[in-house]
Amino acid sequence: METGVSDVTPAGWLGELDFSTIRSRITPFTLGPSEGFRPTASQLPPHSESEQRDTPATVSMCHVIVTCRSMLWTLLSIVAAFGELIAFMSTDWLVGSPRTPDAVFGPHGATAAGEAYRPTLGIYGRCIKLPHLQRGILCGPYAVHFGEIASGFWQATSIFLAGGILLLCAVAFISVFTMCFQSIMKKSIFNVCGLLQGIAGLFLILGLMLYPAGWGSDKVQLYCGQDAAPYRAGLCSMGWAFYTAMGGTVLTFLCAIFSAQAEIATSSDKVQEEIEEGKSLICLL
């Protein structure tokens with residue numbers, strides 16, 4: 001008995017299908033490690049890729065953070081650097097005994113008539129009054145080359161002081177930018193600067209300890225008398241430059257310690273709250 005239904009089995013249907021056409025119509029999917037199936041870039045709607053290109057990249061803002069402790073540390077760092085630099089360049093390390101321009105310094109002191117003055121002697125410079133000068137005192141370096149410095153101890157003093165001052169000037173320069181940048185190479189810039197200030201303080205101490213050891217040189221004895229000897233100034237007295245260098249050394253160590261407080265102030269919870277609120281200028285007490 002014939003029916004209207006075709007006597008074709010399902011296997012026959014499969015045999016008549018073109019598998020190349022089926023494969024071309026199957027859309028490929030990529031399987032991520034934890035995302036399951038997701039469409040590839042070719043399956044995304046046309047506007048999706050354009051939206052991705054038009055989306056602006058996230059730009060890290062420069063947050064200017066100003067606190068009392070950080071600003072105080074910056075100010076003290078600059079003062080310490082300039083104080084040491086001015087003291088190093090000054091000639092008022094040793095103040096000689098009173099004399100006149102044409103005086104002859106003998107065993108009993110300066111002997112000559114006229115207006116007396118006190119010459120000064122620095123690490124590499126001096127201030128004297130020459131007979132042919134009617135007014136003023138001539139100041140300048142007595143050592144043109146490094147080897148002409150009065151004593152080997154003073155040469156070592158110059159090296160240590162110059163190294164310490166170089167570090168302090170570098171920290172003073174960096175400290176100006178700590179308001180905007182609080183880290184360098186993933187390290188706290190305050191901690192790095194505090195470490196440099198501690199090293200600079202050690203250099204300064206070594207330089208100041210070696211300086212009096214050079215008081216026995218011939219150059220110092222011309223200004224301070226024959227009684228001058230290492231760690232004994234003879235007829236000379238200490239000038240303001242020596243005390244300024246000592247004060248700058250103490251201030252350097254205080255800055256090294258205070259840098260930790262500046263770090264705490266700029267990374268406090270209040271600062272983080274201001275940053276989360278989207279503020280670029282943050283001023284806190």
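This tour moves through a predicted model, one selection at a time.

**The whole chain**

Begin with the protein chain coloured by secondary structure: nine helices and 13 strands are present. Buried residues account for 35% of the 285 residues in the protein chain. Among contacts between residues at least 6 apart in sequence, 64% join residues at least 24 apart.

**The annotated spans**

Next, select residues 71-89, 153-177, 189-211 and 240-260, which the unreviewed UniProt entry annotates as "transmembrane region". Two of these spans can be examined end to end. For residues 153-177, the end C-alpha atoms lie 37 Å apart, and the span is 96% helix and 0% strand. For residues 240-260, the corresponding separation is 31 Å, with 100% helix and 0% strand.

**Helices α4 and α5**

Select residues 68-89, which form helix α4, together with residues 152-176, which form helix α5. How do the axes of these helices cross? They come within 9 Å and cross at roughly 150°. An angle over 145 degrees counts as roughly antiparallel, and α4 and α5 are therefore roughly antiparallel to each other. The crossing in which α4 passes α5 is left-handed.

To display the contact, show the side chains of W73, T74, S77, I78, A80, A81, E84, L85 and F88 on α4. On α5, add S158, L161, I165, L168, C169, V171, A172, S175 and V176. The residues of this contact of α4 with α5 comprise 13 nonpolar, four polar and one charged.

**Helices α5 and α6**

Keep α5 in view and add helix α6, residues 189-210. The axes of α5 and α6 come within 8 Å and cross at roughly 160°. The two helices are therefore roughly antiparallel to each other, and α5 passes α6 in a left-handed crossing.

The α5 side of the contact consists of F153, A156, T157, F160, L161, G163, G164, I165, L167, L168, V171 and I174. Facing them, α6 supplies I189, C193, L196, Q197, I199, A200, F203, L204, L206, G207 and L210. By class, the residues of the contact of α5 with α6 divide into 18 nonpolar, five polar and no charged.

**Helices α6 and α8**

Now retain α6 and add helix α8, residues 240-266. Here the axes of α6 and α8 come within 9 Å and cross at roughly 165°, which makes α6 roughly antiparallel to α8. The passage of α6 across α8 is a left-handed crossing.

Select F190, N191, G194, Q197, G198, G201, L202, L204, I205 and L208 on α6. Their partners on α8 are F242, A245, M246, T249, T252, F253, C255, A256, S259, A262, E263 and T266. The residues in the contact of α6 with α8 divide into twelve nonpolar, nine polar and one charged.

**W240 and S90**

Centre the view on W240, which is found in α8. Is W240 buried, partly exposed or exposed? Its relative accessibility is 42%, so W240 counts as partly exposed. Leaving out residues up to four places away in sequence, W240 touches I86, S90 and D92. A C-alpha to C-alpha distance between W240 and D92 gives 6.1 Å, although they are 148 residues apart in sequence.

From W240, step across to S90, in the loop between α4 and β4 (94-95). S90 is buried, because its relative accessible area is 11% and buried means under 20%. Apart from its neighbours within four places in sequence, S90 is in contact with G122, W240 and A241.

**S188**

Move to S188, in strand β11 (residues 187-188). With a relative accessibility of 15%, S188 counts as buried. Add A260 to the selection: S188 and A260 are 72 residues apart in sequence and 9.8 Å apart in space, C-alpha to C-alpha.

**Y231**

The last stop is Y231, in the loop between α7 (218-224) and β12 (237-238). What is the phi of Y231? Although Y231 is not a glycine, its phi is positive, at about 65°. Y231 is exposed, with a relative accessible area of 53%.

Technical notes:
Residues are numbered from 1 along each chain as its sequence is written. This is a predicted model: local features need pLDDT of at least 70, side-chain atom pairs count only at pLDDT 80 or more; totals for chains, interfaces and linings use all residues. Side-chain values use heavy atoms; hydrogens and water are left out. UniProt positions are given in the numbering used here, feature names are shortened, and annotations may be inferred rather than shown by experiment. Helices (H or I, at least four residues) and strands (E, at least two) are DSSP runs, numbered from the N terminus. Axes are lines fitted to C-alpha atoms, for helices over the stretch in contact, and angles run from 0 to 180 degrees between N-to-C directions. Angles under 35 degrees count as roughly parallel, over 145 as roughly antiparallel, 65 to 115 as roughly perpendicular and the rest as oblique. A crossing is left-handed if the near helix is turned anticlockwise from the far one by less than a right angle, and right-handed if clockwise. Contact means heavy atoms within 4.5 Å. Ala, Val, Leu, Ile, Met, Phe, Trp, Tyr, Cys and Pro count as nonpolar, Asp, Glu, Lys and Arg as charged, and the others, Gly among them, as polar. Buried means under 20% relative accessible area, exposed over 50%, partly exposed in between (1.4 Å probe, protein chains only).
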